[in-house]
Amino acid sequence: MPWWQWLLDAVVLLVGLVVLLAVALIVRRRVLSRHGGTFELSYRVRSERIGRGWLLGLGRYSGETLEWFRIFSLSPRPKRTWQRSELTFVGRRAPSGPEEMALYPDHLVIAVTSRRDGPLELAMSPASLTGFQAWLEARPPGTDWNQRR
């Protein structure tokens, strides 16, 4: 077989694998959002350098937890989870500098404190922020509203 046929076969195989990966990512996203409660949610894993460390993902409410899935992963399991009772909303701000390019368009950066993880930064749309704040405030009956977190 001539060398150009080997090269052509390799290119066709590579393109096929890329298409298969794209289809798998689309199917995974559809499966994750099948029961609703999902939204675009970015998570800042490293905050040493200004504007850096953001990972794009999906958020999903699952009972008392907020689950975060990386957007470019095939894993059906969340990469991070946070309990509603452990989270406190601190504030929000507009993305600045390199964050504007790293995040989804029109997303806000949300400062949250977790009892387990300390300060966190998340990014979501204004509509998702409204839902997030409502989810945080809608604690189950019997919650001590005066408790300082």
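How many bridges pair strand 7 with strand 8, and in which sense do the two strands run? In this predicted model, strand 7 and strand 8 pair over six bridges. The sense is antiparallel. Strand 8 covers residues 108-114. One facing pair can be named: R92 stands opposite I110 of strand 8.

These two strands belong to a wider sheet. Five strands make up the sheet, and the sheet is open. Their order is 3-2-9-8-7, with antiparallel pairing. Strand 3 (54-55) and strand 7 (87-93) stand at the edges. Each has a single partner strand, so one side of each is left without a neighbour in the sheet. In general, the strands of a sheet pair through backbone hydrogen bonds, and the pairing is either parallel or antiparallel.

Strand 8 also pairs with strand 9. This pairing is antiparallel and runs over seven bridges. Within it, V109 has A123 of strand 9 as its bridge partner. A hairpin of three residues links strand 8 to strand 9. Strand 8 is mostly covered, with five of its seven residues buried.

The loop before strand 8 gives a contrasting case. D106 is found in this loop, between helix 2 (99-102) and strand 8. Its backbone stands out. Most residues other than glycine have a negative phi. The phi of D106, however, is positive, near 65°. Is D106 buried or exposed? At 69% relative accessibility, D106 counts as exposed, because the cut-off for exposed is over 50%.

A helix lies across part of the sheet. Helix 3 spans residues 126-137. It lies across strand 7, strand 8 and strand 9 (118-124). Relative to strand 7, helix 3 runs at about 155°.

S128 is one residue of helix 3. Is S128 buried or exposed? Its relative accessible area is 15%. Buried means under 20%, so S128 counts as buried. Which residues does S128 touch, leaving aside its neighbours within four places in sequence? S128 is in contact with F39 and Y61. There is also a polar contact between the side chains of S128 and S125, at 3.0 Å.

Taken together, strand 8 has a pairing on each side: six bridges join it to strand 7, and seven join it to strand 9. Helix 3 lies across these three strands, and S128 is a buried residue of that helix.

Note on methods
Residues are numbered from 1 along each chain as its sequence is written. This is a predicted model: local features need pLDDT of at least 70, side-chain atom pairs count only at pLDDT 80 or more; totals for chains, interfaces and linings use all residues. Side-chain values use heavy atoms; hydrogens and water are left out. Two strands pair if DSSP finds at least two bridges between them. Helices (H or I, at least four residues) and strands (E, at least two) are DSSP runs, numbered from the N terminus. Contact means heavy atoms within 4.5 Å. Axes are lines fitted to C-alpha atoms, for helices over the stretch in contact, and angles run from 0 to 180 degrees between N-to-C directions. Buried means under 20% relative accessible area, exposed over 50%, partly exposed in between (1.4 Å probe, protein chains only). A polar contact is a pair of N or O atoms within 3.5 Å; within protein, one must be able to donate a hydrogen and the other to accept it, and residues adjacent in sequence count only if both atoms are side-chain atoms.
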